[in-house]
Each structure stands twice: as structure tokens, then as C-alpha cells.
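Reader: Could you take a close look at one part of this model for me, namely how the strands pair up? After that, I'd like to know how the rest fits around it.

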Amino acid sequence: MNAYYLQTEQMTVGYHGKPLIEKINLCLRRGEIMTLIGPNGSGKSTILKSIVRQLRPLGGVVRLEQVSLEELSPQAVAQKMSVLMTDRLQPELMTCREVAAAGRYPYTGKLGLLTQRDWEKVDEAIALVHAKEVQEQDFMKISDGQRQRLMLARAIAQDTKILVLDEPTSYLDMGFKLDILANIRLLARERNLAIVMSLHELDLAQKISDTIACVKGDRIDRIGTPEEIFAGDYVQKLY
């Protein structure tokens, strides 16, 4: 078996020095999808923000390819890990294509100039999320669902080996939810990406995930395959 690409070791997360969830031990290989589930407010987003260094963990270690994130520069992390969070982006006077192109900036020099190869990756990502019809429009003038697809395109264009996605199906109708998740599954399988995300839709989490981590109270209560997690009435009790 290939080594773990992402690991959290005894990670504790929280705010203002107050622990919310403790002793978080997650392991993810490339080609696999791990999904966090749990009630609203349980801390799924807090865990993801701590993994990507938007929040500083209160304890423990996050490793990428066996190396602690603390030992990596922000640029090095950005070349290894793409992120889609639920925070609302408010760019002014930018087209959708320009927003997606921001995913290429970890690879540009100080002038931030994109090469033809960079733009090819941007256009490939936009096509993958079916957003070509809005790519030249003002990002602030499209629908929430279209914005969500463009933000996913930005993460894909970053061309990393791990995607961290907080509620990637937010604002999408069911048809687009299924389409986006099918593309995420394709990325994991064909590009050998490690993907960790949170989802509200339990039926979709059950279909797409290789591993599910259940957030309950101050801990990760259970980790297992979808078959293990959804056996019996455990999930009903979780919520």
C-alpha cells in the first residue's frame, strides 16, 4: 500500500485557546476520498480549517507526505494542497475565468504572470465543472451555484495532490450536486488525488466516500467505510 499523503496526529482544534475537538487522528492516501459528517456546528469546518492552516491547531501535528506543515512555506503548501472553503469570495471587477486562474498563482513568479500552460489548466478546470458558459462574465453577477462551480475550478486548476473541500455542493441543485461529486470521484481515481471534505447530504457521502469520519461532541467518534458507518442506526443517533 502507498504511504499516507495526509495525516493528523493527536490534533486538537478550537478557538481562542479553548479546545473544541481533541485527539483527531485522520489518515488519507492518494486516490481516496474521506468525508466528515456530523450535525451542524459539530466542528467539521473547524477541522478542515485547521488542516489547511486557516486556523492554528491547539495541539498535535498535520503532515503532508510525512512532513509537518510547520516545516513547509506557505507557497510549498499551496503547491501541494488546494482548498475550497465556505467563506464567500468577493472579488471586484474580475471575470469568472480570472477567479479560476487564481489557482495558478502558487506557480508564478513575483510578477504573477500566467503562461499558456497555466491558462490551459484553468480552461481544463472550468470545462470540468461545466462553467464555460459564464467564464467571461463578472464573477459577482452570476448565481451562487455558478460561483461554487468556479471556486471548485480554481481549486482544481491549482493542480495539487490533495483537495480540501468544505461543503463543495453548497448552493447547487441536486443535478449539479451529483455532477460535481462525480467529477470529484473522477479526480480521485484518474488523477490519484487525496480528497478530504465535509458534506451535509448523507446519501451522497455514502455513495462517494472511501472513508467516513463522524464528528460528535469533542471527538471523532467513529471512522470507517460507508458500509461500516451506515450499518444499523448509528448515523441516526449521531444526528
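Author: Thr-8 stands opposite Leu-26, which sits in strand 2. That match belongs to the pairing of strand 1 (residues 6-15) with strand 2, which is antiparallel and runs over 7 bridges. Here strands are DSSP runs of E with at least two residues, helices are runs of H or I with at least four, and both are numbered from the N terminus. Two strands count as paired if DSSP finds at least two bridges between them. As a reminder, strands of a sheet pair through backbone hydrogen bonds, either parallel or antiparallel.

A word on what you're looking at: this is a predicted model, so local features need pLDDT of at least 70 and side-chain atom pairs count only at pLDDT 80 or more, while totals for chains, interfaces and linings use all residues. Residues are numbered from 1 along each chain as its sequence is written, and side-chain values use heavy atoms, with hydrogens and water left out.

Back to the sheet. Strands 1 and 2 are part of an open sheet of 4 strands, in the order 2-1-4-5, with antiparallel pairing. Strand 2 (18-28) and strand 5 (67-68) are its edges, each pairing on one side only. Strand 1 also holds Gln-10, and the backbone there is a bit odd: its phi is near 55 degrees, a positive value in a residue that isn't glycine. For context, most residues other than glycine have a negative phi. Gln-10 is partly exposed, at 42% relative accessible area. Buried means under 20% relative accessible area, exposed means over 50%, and partly exposed is in between (1.4 Å probe, protein chains only).

Gln-10 has company. Asn-192, in the loop between helix 6 (174-190) and strand 8 (194-198), has a positive phi of about 60 degrees without being a glycine. Asn-192 is partly exposed too, at 33% relative accessibility. Then there's Arg-53, just after helix 1, with a positive phi of about 75 degrees. Helix 1 itself (residues 44-51) is mostly covered, with 7 of its 8 residues buried. Two lysines are on that buried list, Lys-44 and Lys-49, along with Thr-46, Ile-47, Leu-48, Ser-50 and Ile-51.

Now for some parallel pairing. Strand 3 (residues 33-37) has 5 of its 5 residues buried, so it is largely enclosed by the rest of the structure. Ile-33, Thr-35 and Ile-37 point one way from strand 3, Met-34 and Leu-36 point the other way, and all are buried. Strand 3 pairs with strand 8 in the parallel sense over 4 bridges, and the bridge partner of Ile-33 in strand 8 is Ile-195. Strand 3 also pairs in the parallel sense with strand 9 (residues 211-216), again over 4 bridges; there, Leu-36 stands opposite Ala-213.

Thr-211, also in strand 9, is worth a click. Thr-211 is buried, at 19% relative accessible area. Leaving out residues up to four places away in sequence, Thr-211 touches Ile-33, Met-34 and Thr-35, plus Ile-223 and Gly-224; contact means heavy atoms within 4.5 Å. Thr-211 and Glu-32 are 179 residues apart in sequence, yet 7.9 Å apart in space, C-alpha to C-alpha.

Compare that with Ser-82, which lies in strand 6 (residues 81-84). Ser-82 is buried, at 0% relative accessible area. Ser-82 and Gly-217 are 135 residues apart in sequence and 28 Å apart, C-alpha to C-alpha. Beyond its neighbours within four places, the contacts of Ser-82 include Ala-155, Gln-158, Asp-159 and Val-164.

Zooming out, the protein chain has 9 helices and 10 strands. Its radius of gyration is 18 Å, close to the 18 Å that the globule rule gives for 239 residues, so the chain is as compact as a globular protein of that length. That radius is taken over C-alpha atoms, and the rule is 2.2 Å times the number of residues to the power 0.38. Along its principal axes, the C-alpha trace spans about 50 × 40 × 40 Å. Of the 239 residues, 51% count as buried. And of the contacts between residues at least 6 apart in sequence, 67% join residues at least 24 apart.
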